[in-house]
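Here's a pair of exercises to work through with the model open beside you. Try each task before reading its solution.

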Amino acid sequence: MAELSTLARPYAKAAFSFAMANNRLDQWLEALNSLSYIVQSEKVSEALTGPSQTPAEQVKLIQSIDESLDNQVMNLVAQLAEHKRLLLLPEITEQFKAQKNQHDKMSDVEVTSAFETTVDQDKQLEDFLAKTLNSDVTVTSTVDKNLIGGVVIRAGDLVIDNSIRGRLAKLNEALGL
């Protein structure tokens, strides 16, 4: 997984820099989301990974699926096709979105708890995370009974594991079990 992230990073940075310089962050994110969706399609993925298509044919295939993609976005697609990196588009999109969120002072936060939370608890957590992360937050909550109790919070690279399962794992590690 780290390899995909490493390979995608320069493309995501370049796309973000270009979009930022041209004041088109939202349009680029929309285009990248579309491209990501396209390459994740089973039929398209098979066509892109097959040896029979040239990079130019791969670009034409993608353009035929989404004709709304502009020339600058298609230049990125051409570069990715030329270097056999089209399947990196979902990771490029995620990294682009993370850079855009950081620029916009927004954070996507995943909260996993052992039990269903109340609206008041969600609001308190959202307020706390907004202050802690110094940004607006969008919280996505899920329930995982395997946590036993507590919560696990993920915001980008930040992970706060305050679950009983996490505490037991740390205790096992400290005891050398």
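Two exercises follow, one on the core and one on the pocket.

This is a predicted model, so local features need pLDDT of at least 70 and side-chain atom pairs count only at pLDDT 80 or more, while totals for chains, interfaces and linings use all residues. Numbering runs from 1 along each chain as its sequence is written, and side-chain values use heavy atoms, with hydrogens and water left out.

**Exercise 1.** Find the residues that touch the most other members of the largest nonpolar core, and say which helix gives the most to this core.

*Solution.*
- Start with the term: a nonpolar core is a set of buried Ala, Val, Leu, Ile, Met, Phe, Trp, Tyr and Cys residues joined through side-chain atoms within 4.5 Å, where buried means under 20% relative accessible area with a 1.4 Å probe, protein chains only.
- Among the 30 residues of the largest core, W28, L32, L35, I62, L86, I92 and F96 touch the most other members.
- Helix 2 (25–40) is one of the helices supplying at least two residues, and helix 2 gives the most, with eight; helices here are DSSP runs of H or I, at least four residues.
- Now zoom in on W28: beyond its neighbours within four places in sequence, its contacts (heavy atoms within 4.5 Å) are A15, F18, A19, Q72, V73, L76 and F96.

**Exercise 2.** Work out which helix gives the most to the lining of the largest pocket, and how the lining residues divide by type.

*Solution.*
- A pocket is an open set of points on a 1 Å grid over the protein atoms alone, where a 1.4 Å probe fits, with protein on both sides within 12 Å along at least five of seven lines; lining residues have an atom within 4 Å of a point.
- Of 24 lining residues, E94, A98, A155, G156 and D157 are the closest to the centre.
- Helix 6 gives the most, with eight residues.
- By type, the lining has six nonpolar, eight polar and 10 charged residues.

Conventions: Buried means under 20% relative accessible area, exposed over 50%, partly exposed in between (1.4 Å probe, protein chains only). Ala, Val, Leu, Ile, Met, Phe, Trp, Tyr, Cys and Pro count as nonpolar, Asp, Glu, Lys and Arg as charged, and the others, Gly among them, as polar.
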